[in-house]
Amino acid sequence: MNAKVRVAAICLALMALAGLVLLVVRPSLNPARVQPLPVIALGWIVFLTAAWLLRTVPGRTSVVLILLGGIAIQLAALSAPPRESDDLYRYIWDGRVQAAGIDPYAYAPAARQLTGLRNEFLWHPGTDHCLSVSFVSAHASRDLVPGCTLINRPSVPTIYPPVAEAYFLAVHYEPSGSNSATPIQATTALVAVLTTVLLLFGLGRLGRDVRMAALWSWCPTVALEAGNSAHVDVVAVGITAAALLVLATARTRRRIALGGVLLGLAIATKVTPVLTVPAVLRRRWMTVAISAGSAFIVVYIPHVLAVGSKVIGFLPGYLQQEGYENGTRFGIIGLFLTGKLALAVAVLILAAVGLAVLKFSDPDRPWQGAVVMTAAALAVTTPRYQWYALLLVMLVALDGKPEWLAFAAGAYYAAVPDLGRYTIPVRLHDAVAYGVPVVVVAAGWLVRELVRRRRGGVSLEPVPVPVPVPVPVPVPVPAPDAGIRV
């Protein structure tokens, strides 16, 4: 296949991918009424096909395709209201509360103290989350007011860390920031595109294949969870990417401290970037730990001074609701163990993986260990929220092993396992969703190992191209008595 045909095929694949994303977010365009999961699965196939075709496309052309394709897919995703998640309505509300001069951790959305902030966009009859008079009476200690809202869990305080809350406040000041979902969708889509630019720049600077950035830019997870659902995880992932690229190339204490600060801010946006910490502690671990911890603490101080222990928000309640506290939430481990014993095994597995990453991680390529740590966390905790895999998608783009993306694809099955008559028993949903990716990664490792041995032990990792350094050439100097004749 020549270059022009290959580029044309990639363009057609990206157009098809954008169309499939459009079908997911706009079901009215789907005359056959196909469920979202098969459409998303087809989108993954098209995405991987396009990424495979990109392998031999010249560098500049591939950069243009990566950027324009990513933008087109994001535009398709943000062309409709959020389809798979309503978390962004909490984001909009938290921004509105902060703009009124109230700390977002102080009250639940339905609290009596916030009734003056209710507007018709977020609060109106017929929405999915209603607090009845009987519910309010049963929870009189919370001082709640009945009403229906787009905000999920309106009776509990927010769960999002301070940097995320600052992001919500910034979006509030955009035109229609508190009266429409489009501003925060567009802003999060822009963050996803900027992360693509960062990956292209970082991969190029490291001498790695910039075409790997397509694994982030074109990924259906990124499109649906950024441009449509507008999950703040995208912001956390972007900051994490910057932190890892700085730490991978840092050779001075100041640069390492900068990387640590960025990592601390990422964790203070969404807690999941903490999974990258074991992979970045091989180089001046004390500097990284102090700078990251300081950044994390500094952004919390104003909220601690304002509301005290309320800054914890709904986190304990969330862990309890999801079944992590009592050990009933672990899909794969739950096939063999339940209860507190399952929780203990989960902690031990994650601790063992974390120690292994800490010991063997390459400080020049921290994303390698971070991929393992993040995938292990997904396999152990088996979350039913597909946007938790966004961090892994970015790490795979840096690491260059696409088989790890199976965890991001499997997360959609965990979120929406209903396949009609082909639906498997409920207790197996999460085990299949994350067990199959484990098998895929193991198969990928085996194939890579076999190929490496056939090549005589030559690594399959891309090797940076050395840049020739100019060597000074001595210039002959005339003798002192040599005259210049005209």
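So, a salt bridge here is a side-chain nitrogen of Lys or Arg within 4 Å of a carboxyl oxygen of Asp or Glu. Keep that in mind, and two bits of housekeeping. What you're looking at is a predicted model, where local features need pLDDT of at least 70, side-chain atom pairs count only at pLDDT 80 or more, and totals for chains, interfaces and linings use all residues. Residues are numbered from 1 along each chain as its sequence is written, and side-chain values use heavy atoms, with hydrogens and water left out.

Okay, salt bridges. Side chains of opposite charge can pair when their charged atoms come close. This structure holds eleven such bridges, and I'll show you a few.

Take E449 and R453, whose side chains meet with N to O at 3.4 Å. They sit four residues apart in helix α18, so about one helical turn separates them. (Helices are DSSP runs of H or I, at least four residues, and strands are runs of E, at least two, numbered from the N terminus.) Is each end buried or exposed? E449 is buried, at 16% relative accessible area, while R453 is exposed at 59%. For those words, buried means under 20% relative accessible area, exposed over 50%, and partly exposed in between, using a 1.4 Å probe and protein chains only.

Helix α18, residues 429-454, also carries D430. D430 pairs with R384, and their closest N and O atoms are 3.1 Å apart. R384 is in the loop between α15 (366-381) and α16 (390-399), so this bridge ties together parts that are 46 residues apart in sequence. Here D430 is buried, at 6%, and R384 is partly exposed, at 43%.

Then there's D399 with K401, at 3.6 Å N to O, and both of those residues are buried. R251, R283 and D364 go beyond a simple pair: they're linked in a network of salt bridges.

Now the backbone. Most residues other than glycine have a negative phi. Which residues here have a positive one without being glycine? S176 is one of them, with phi of about 60°, and R284 is another, with phi near 50°. S176 lies in the loop between α6 (162-172) and α7 (182-205), and R284 in the loop between α11 (253-267) and α12 (285-307). S176 counts as partly exposed at 46% relative accessibility, as does R284 at 39%.

Last stop is helix α3, residues 59-77, where you'll find L68. L68 counts as exposed, at 54% relative accessibility.
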